[in-house]
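Work through the exercises below with the sequence and the model open. Each task is followed by a solution in steps.

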Amino acid sequence: MKKSQERGPVRLNFWSSLAVAFPLGLAPKAPGTFGSLAGIPVGIFFFNYGHTLAARWGWSAWLVQILLLSLLGILSWWCIERTEKFWNTHDDGRIVIDEVLGQAIPLSFIAADWKIVLAAFALFRFFDIVKPGPIGWADRELPGAWGTLIDDVIAGIFAWAVLASGHALFLFLQKPE
């Protein structure tokens, strides 16, 4: 399979249009960053809608949010799988639905004001670019669509863990004595 650096002209069908979060993944510079931007409203929607559904169904909001993210994850995997076969490539930089999912993860679990959104965006982009530990392993070692997708899922979980820890520390320090 071709590496993403050897990209040919783009061919779009339904699945590849979703995979590139049309038209964000087709940006000539920083398509991953543009794809991450699309994950912001998705994460905020999952947070709010997850709480609404949880109240209506009598479920835990976390469970509903994990369900919503899982459904997006399945759709993302399917789109990536179809697109990589259609383009005869692997981990093409134009495929950004994985960034949408990864960026949505931290924002699905924390009520977001502009500071939280900015921090979540910066943390996710940091982990997605630097790829420390298991993120880099997943990127290098997992085959096919799994390798394209899972590193961004782990980066999103890392971003959430740092964001949640920082948020908890901030709340702890704000407690009156």
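**Exercise 1. Charges over rings**

Find the aromatic ring under Arg11, and the one under the charged end of Arg82.

Solution. Step 1: fix the criterion, which is that NZ of Lys or CZ of Arg lies within 6 Å of the ring centre and within 35 degrees of the ring normal. Step 2: Arg11 lies over the face of Phe86, 4.2 Å from the ring centre. Step 3: for Arg82 the ring is that of Trp78, and the distance to its centre is 4.2 Å. Step 4: Trp78 also belongs to an aromatic cluster, together with Phe14, Trp15, Trp77 and Trp146.

A note on the source: this is a predicted model, in which local features need pLDDT of at least 70 and side-chain atom pairs count only at pLDDT 80 or more, while totals for chains, interfaces and linings use all residues. Residues are numbered from 1 along each chain as its sequence is written, and side-chain values use heavy atoms, with hydrogens and water left out.

**Exercise 2. Aromatic pairs around Phe109**

Classify the ring pairs that Phe109 makes with Trp62 and with Trp160.

Solution. Step 1: rings of Phe, Tyr and Trp (its six-membered ring) pair if their centres lie within 6.5 Å; planes under 30 degrees apart are stacked, over 60 edge-to-face, and the rest tilted. The search of the whole structure gives 12 such pairs.

Step 2: the centres of Trp62 and Phe109 are 4.8 Å apart and the planes stand at 40°, so this pair is tilted. Trp62 is in helix α3 and Phe109 in the loop between α4 and α5, so the pair ties together parts 47 residues apart in sequence. Helices here are DSSP runs (H or I, at least four residues), numbered from the N terminus.

Step 3: for burial, under 20% relative accessible area is buried, over 50% exposed, and in between partly exposed (1.4 Å probe, protein chains only). Trp62 is partly exposed at 42%, whereas Phe109 is buried at 15%.

Step 4: Phe109 and Trp160 have ring centres 6.3 Å apart and planes at 65°, so they are edge-to-face. That pair links the loop between α4 and α5, where Phe109 lies, to helix α7, which holds Trp160, 51 residues apart. Trp160 is partly exposed, at 25%.

**Exercise 3. Salt bridges**

Which residues are joined by salt bridges that share partners?

Solution. Step 1: a salt bridge is a side-chain nitrogen of Lys or Arg within 4 Å of a carboxyl oxygen of Asp or Glu. The structure holds five.

Step 2: Asp128 and Arg125 meet at 2.7 Å, N to O. They are three residues apart in helix α5, about one helical turn, and both are buried.

Step 3: Lys131 bridges to Asp151, with the closest N and O atoms 2.8 Å apart. Lys131 is in the loop between α5 and α6 and Asp151 in helix α7, so the pair links parts of the chain 20 residues apart. Lys131 is partly exposed at 22%, and Asp151 is buried at 2%.

Step 4: through shared partners, Arg125, Asp128, Lys131 and Asp151 form one network.

Step 5: another salt bridge joins Glu81 to Lys85, at 3.1 Å between the closest N and O atoms. Both lie in helix α3, four residues apart, and Glu81 is buried at 15%.

**Exercise 4. Glu99**

Which side chain of opposite charge is nearest to Glu99?

Solution. Step 1: Glu99 is in helix α4. Step 2: count Lys and Arg as positive and Asp and Glu as negative, leaving out His and the chain ends. Step 3: the nearest is Arg125, 4.4 Å away; Glu99 is buried yet has no salt bridge. Step 4: list the contacts (heavy atoms within 4.5 Å). Apart from neighbours within four places in sequence, Glu99 touches Gly32, Gly35, Ser36, Phe124, Arg125, Asp128 and Asp152.

**Exercise 5. Helix α7**

What span does α7 reach, and against which helices do its buried residues pack?

Solution. Step 1: α7 (residues 144–173) has 30 residues. Step 2: the expected span is 1.5 Å times one less than the number of residues. The helix reaches 45 Å from first C-alpha to last, close to the 44 Å expected. Step 3: its buried residues include Gly147, Asp151, Asp152 and Leu163. Step 4: the buried residues pack against α3 (61–87), α4 (97–107), α5 (114–130) and α6 (134–141).

Methods. Helices (H or I, at least four residues) and strands (E, at least two) are DSSP runs, numbered from the N terminus.
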